[in-house]
Amino acid sequence: MTEIAFTESPERQELRRQVAKLASKYGREYFTAQARSGGKTTDLWLEVGKNGYLGVNIPEQYGGGGGGIGDVAAVCEELAAQGCPLLMMVVSPAICGTVIARFGTEEQKQRWLPGLADGTATMAFAITEPDAGTNSHAITTTARRDGDEWVLNGRKIYISGIDEAANVLVVSRAEDAKTGKLKPCLFVMPTDSAGLEYHSIPMEIVSPEKQFSVFIDDVRLPADALVGDEDAGLVQLFAGLNPERIMAAAFSTGLARYALEKATAYAKERTVFQGPIGAHQAIAHPLAQSKIEIELARLMTQKAAALYDAGDDMGAGEAANMAKYAAAEAACDVVDRAVQTHGGNGITQEYGMAGLLVAARAGRIAPVSREMILNFIGMHSLGLPKSY
Ligand SMILES: Cc1cc2nc3c(=O)[nH]c(=O)nc-3n(C[C@H](O)[C@H](O)[C@H](O)COP(=O)(O)OP(=O)(O)OC[C@H]3O[C@@H](n4cnc5c(N)ncnc54)[C@H](O)[C@@H]3O)c2cc1C
């Protein structure tokens with residue numbers, strides 16, 4: 001039989017169904033109740049982990065499911081589509097899991113990957129700094145050797161979920177012994193390390209997962225906290241970028257599907273003149289437009305994941321950037337349309353539509369901004385000159 005292109009495998013579709021079923025037991029009400037009361041989503045996180053969904057992309061010999069980034073992106077999307085977007089899925093199994101599985105020593109994989117896979121030892125990721133921002137080449141967190149140990153100093157900002165993490169993967173710079181130049185190096189830092197402090201940043205996102213300012217003050221780490229080879233820092237960082245973008249796209253399309261479903265249901269029921277408001281094209285067309293935009297973004301996300309899982313890092317790079325861009329745009333637009341469809345109810349906590357605005361909007365900023373994606377496409381896809 002000829003293979004049907006552009007559809008996911010039956011296994012992937014089944015994975016989606018199972019995750020959706022699990023997440024629907026929790027749902028949006030649980031997620032917002034936790035967010036508004038200062039609670040956490042630990043029970044959902046651990047149940048997703050226990051069922052093997054969290055670590056579905058992590059190699060089997062380290063407690064994972066042995067699948068690809070397309071599988072873990074499907075999990076992330078289905079959770080979000082049930083109203084439970086888990087940002088730490090982008091960070092812990094996808095970015096940290098990929099970097100450690102690809103570059104960690106055997107001992108490091110055995111130590112860290114099982115906890116990422118079952119969710120009992122989540123890992124945060126810290127690259128962004130207040131003075132460097134988008135320009136990661138300008139980070140100033142440093143790692144200096146002291147005998148057998150490393151000593152780290154620096155400051156990070158907007159670090160998601162460090163309060164819930166056992167470790168944080170810190171991007172730092174260390175002096176190259178041969179050239180004396182600073183090069184990026186990645187370290188796994190326990191979150192209870194002496195000298196590590198973090199403070200919650202008040203954000204407007206309705207989510208139990210928070211962002212933090214992180215202060216690293218003479219934190220001492222053993223030699224084997226450095227991930228893999230000292231000279232591979234840049235390659236390691238690049239390896240984490242495609243999974244990060246694919247997961248961010250899945251997060252956004254899931255959120256977008258949730259908003260569209262709520263808006264459509266409301267448009268079918270709410271009647272103020274003759275017939276439900278969904279009979280007016282002013283309401284129906286924007287929602288139909290969103291349906292198209294979301295499906296296009298999902299398709300590009302699946303393409304990016306398929307290329308990445310097939311080992312085509314270059315092809316995946318372009319597709320992952322496009323998917324991330326398209327997904328964030330689709331999510332911002334549909335959430336705005338969902339608010340409008342609900343009228344006054346769109347801004348109430350009861351209906352929860354306005355509460356999605358900032359989370360969707362964050363997708364245009366993090367983990368990589370829309371402007372930097374446009375820079376990438378301008379330069380790499382169109383061959384235009386670099387502008388910065
Ligand atoms: C909800 C959330 C969670 C996050 N989680 C994490 C995390 O877990 N770990 C982590 O390390 N970081 C995290 N971040 C940080 C995130 O990656 C950064 O916010 C993002 O990379 C942008 O950096 P910045 O905020 O410093 O903006 P800036 O770099 O100050 O940029 C400001 C604006 O200028 C634009 N700009 C900058 N340079 C250019 C250019 N050359 N061309 C065109 N436009 C440009 C940007 O696109 C942006 O619109 C998170 C951020 C948010 C909002």
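Reader: How do the residues of the shell around the ligand divide by class?
Author: They divide into eleven nonpolar, seven polar and one charged. The model is a predicted one.

Reader: What makes a residue part of that shell, and which come nearest to the ligand?
Author: The cut-off is a heavy atom within 4 Å of the ligand. There are 19 such residues. Thr128, Thr134, Tyr158, Ser369 and Glu371 come nearest.

Reader: Why is the approach of Thr128 to the ligand called a polar contact?
Author: A polar side-chain atom of Thr128 lies 2.7 Å from a nitrogen atom of the ligand. The limit for a pair of N or O atoms is 3.5 Å, so the pair qualifies.

Reader: How do you know that Ser160 makes a polar contact with the ligand?
Author: The same limit of 3.5 Å applies. A polar side-chain atom of Ser160 is 2.9 Å from a nitrogen atom of the ligand, so this pair counts.

Reader: What makes Pro367 a polar partner of the ligand?
Author: Its backbone does. A polar backbone atom of Pro367 is 3.2 Å from an oxygen atom of the ligand. That value is within 3.5 Å, so the pair is a polar contact.

Reader: How much of the ligand's accessible area does the protein cover?
Author: The ligand has 970 Å² on its own, and the protein covers 68% of it.

Reader: Which elements give two or more residues to the shell around the ligand?
Author: Strand 1 (123-126), strand 3 (149-160) and helix 10 (370-381) do.

Reader: What makes the peptide bond between Ala366 and Pro367 stand out?
Author: The bond is cis, with omega at about -10°. Most peptide bonds are trans. Pro367 lies in the loop between helix 9 (357-362) and helix 10.

Reader: What is notable about phi of Tyr158?
Author: Phi of Tyr158 is near 60°, a positive value in a residue other than glycine. Most residues other than glycine have a negative phi. Tyr158 is found in strand 3.

Reader: Why is the pair of Tyr26 and Tyr30 called edge-to-face?
Author: A search of the whole structure finds four aromatic pairs. One of them joins Tyr26 and Tyr30, with 4.8 Å centre to centre and 65° between the planes. The centres must lie within 6.5 Å, and planes over 60 degrees apart count as edge-to-face. Both conditions are met, so the label holds.

Reader: Why are Tyr26 and Tyr30 separated by about one helical turn?
Author: Because they are four residues apart in helix 1.

Reader: What makes an empty space a cavity, and how many of 30 Å³ or more are found?
Author: In a cavity a 1.4 Å probe fits but cannot get out. The search finds one of 30 Å³ or more. The largest cavity has a volume of about 70 Å³. Its lining has 13 residues, and Arg16, Ala73, Glu77, Thr301 and Gln302 are the closest to its centre. By class, the lining has four nonpolar, four polar and five charged residues. Helix 1 (10-37), helix 3 (69-81), helix 6 (233-269) and helix 7 (281-309) each supply at least two of them.

Reader: What is the volume of the second largest pocket, and why is it called a pocket?
Author: The volume is about 410 Å³. A pocket is an open set of points, so the name sets it apart from a cavity, which the probe cannot leave. Of its 17 lining residues, Arg28, Tyr258, Lys262, Glu350 and Tyr351 are the closest to the centre.

Reader: Which element supplies the largest share of the lining of the second largest pocket?
Author: Helix 6 does, with six residues. By class, this lining has five nonpolar, five polar and seven charged residues.

Notes
Residues numbered from 1 in each chain as written. Predicted model: local features only at pLDDT ≥ 70, side-chain atom pairs only at ≥ 80, totals over all residues. Heavy atoms only, no water. Polar contact = N/O pair within 3.5 Å; in protein donor to acceptor, adjacent residues only side chain to side chain. Areas by Shrake-Rupley, 256 points an atom, 1.4 Å probe, with all protein chains shown as cover. Nonpolar A, V, L, I, M, F, W, Y, C, P; charged D, E, K, R; others polar. 1 Å grid on protein atoms, 1.4 Å probe; cavity = no way out; pocket = protein on both sides within 12 Å on 5 of 7 lines; lining within 4 Å. Points joined across faces, edges and corners; volume = space filled by probe spheres on them. Phe/Tyr/Trp six-rings, centres within 6.5 Å; stacked < 30°, edge-to-face > 60°.
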